[in-house]
Amino acid sequence: MKAKIKKNTIIKRVVDAVLTALLLFLMAYQVTGDVIHEWLGIGMTLLLIVHHLLNRKWYGSVFKGKYNPYRIVMTSVNTLLFVSIALTAITGMAMSGHAVPFLYGFIGMMTARSLHLAMSYWSFIFMGIHIGLHIKTAVAKLKGKQLLVFRISFTAVSGVGCWLLLKSGIVNYIFFKSHFAFLDYTKAKWLVIIENLAMLIFCAFVGFTSAELSQKRRLTKTNQNNGIEEK
């Protein structure tokens, strides 16, 4: 039984890692080009279906049990991520000229383009936050210097990622202020991926911080209910 659980965990981690890699390249349109971008999108859509099947027990428990602050945050982020990715996939297929050309135009082109641009960046942001919510659990065993080094490194890279995100104009994209993404095709391809990774880490930092704050609030409430005074 334990071996089966460990195997399933490994499969989930591999799927998560591949999804993250696909996301980084999907957000680097100037690196992949039109054709590869479309096929990566199809690949990610199929892999996301696998991801949801692997995590089907979580969906079955959504309406069960009590909701503490952390669970509220996690459920909200997962729901928003699911909706944004679904809309990204649907609108992407509506503009496809290579992977699924038979679906081209089933949504008005301007509507599809505007939605696809906004939802793809929302998906990027929510994916990062989702990762950050899980990082809190993953680093729970770190203590002392290891935890300090992690926090300093995480914060430093996140700061760079925040600056890049604001500089890139993503804020305009997610609020429908621009219908086209302004991409730098002269930038080195490896640098585009690194910058995308830094921005994703910033979003993960937001998720990580949200997890810390929501779990701290839960512990505080538990201690109060148990008659323990916080100092």
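**An all-helical predicted model**

Phe176 is partly exposed, because its relative accessible area is 39%. In this predicted model, Phe176 belongs to the loop between α7 and α8. Its backbone deserves a second look: phi is positive, at about 60°, although Phe176 is not a glycine. Most residues other than glycine have a negative phi. A good way to place this loop residue is to step back to the whole chain and then return to individual sites.

The chain contains eight helices and zero strands. Read from the N terminus, the order of elements is therefore simply α-α-α-α-α-α-α-α. Along the principal axes, a box of roughly 60 × 40 × 35 Å holds the C-alpha atoms of the chain. Of the 231 residues in the chain, 35% are buried. Among contacts with a separation of 6 or more, 76% involve residues 24 or more positions apart. The exposed surface of the chain comes to about 14300 Å², and carbon and sulfur atoms supply 69% of that area. As for charge, the chain carries 26 positive and 8 negative charges, and the mean positions of these two sets lie 12 Å apart.

Aromatic side chains offer a convenient route into the interior. The count of aromatic pairs comes to eight. One of them joins Tyr121 and Tyr173, whose ring centres are 5.1 Å apart. The planes of these two rings meet at 35°, and the pair is tilted. Distant parts of the chain are linked here: Tyr121 sits in helix α5 (residues 109-138) and Tyr173 in helix α7 (residues 170-174), 52 residues apart. Both Tyr121 and Tyr173 are buried.

A further pair brings together Phe150 and Phe208, with ring centres 5.8 Å apart. Their planes stand at 70°, which is over 60 degrees, so the pair counts as edge-to-face. Because Phe150 belongs to helix α6 (residues 144-168) and Phe208 to helix α8 (residues 189-225), this pair ties together parts that are 58 residues apart in sequence. Phe208 has a relative accessibility of 3% and so counts as buried. These two residues also take part in one aromatic cluster, made up of Phe150, Phe154, Phe205 and Phe208. In another kind of ring arrangement, the charged end of Arg71 sits over the ring of Tyr67, at 3.9 Å from the ring centre.

Helix α8 has another buried site in Gly207. The relative accessible area of Gly207 is 0%, and the residue is therefore buried. Leaving out residues up to four places away in sequence, Gly207 touches Ile129, Gly132 and Leu133. Asn78 is 129 residues from Gly207 in sequence, while their C-alpha atoms are 12 Å apart.

Ala99 gives a view of a buried loop position. This residue is found in the loop between α4 (69-94) and α5, and it counts as buried because its relative accessibility is 13%, under the 20% limit. Apart from neighbours within four places in sequence, Ala99 is in contact with Glu38, Trp39 and Ile42. For Glu38, the C-alpha separation from Ala99 is 5.9 Å, across 61 residues along the chain.

Two further residues illustrate partly exposed sites. Asn68 lies in the loop between α3 (56-60) and α4. With a relative accessible area of 22%, Asn68 is above the 20% limit for burial and so is partly exposed. From Asn68 to Ser214 the C-alpha distance is 8.2 Å, although the two are 146 residues apart in sequence. Val18, in helix α1 (residues 2-26), is likewise partly exposed because its relative accessible area is 39%. The C-alpha atoms of Val18 and Leu47 are separated by 8.6 Å, with their positions 29 residues apart along the chain.

How values were computed: Residues are numbered from 1 along each chain as its sequence is written. This is a predicted model: local features need pLDDT of at least 70, side-chain atom pairs count only at pLDDT 80 or more; totals for chains, interfaces and linings use all residues. Side-chain values use heavy atoms; hydrogens and water are left out. Helices (H or I, at least four residues) and strands (E, at least two) are DSSP runs, numbered from the N terminus. Buried means under 20% relative accessible area, exposed over 50%, partly exposed in between (1.4 Å probe, protein chains only). Contact means heavy atoms within 4.5 Å. Accessible areas come from the Shrake-Rupley method with a 1.4 Å probe; for residues, only the protein chains shown count as cover. Lys and Arg count as positive and Asp and Glu as negative; His and the chain ends are not counted. The place of a charge is taken as NZ of Lys, CZ of Arg, CG of Asp or CD of Glu. Rings of Phe, Tyr and Trp (its six-membered ring) pair if their centres lie within 6.5 Å; planes under 30 degrees apart count as stacked, over 60 as edge-to-face and the rest as tilted. A charge sits over a ring if NZ of Lys or CZ of Arg is within 6 Å of the ring centre and within 35 degrees of the ring normal.
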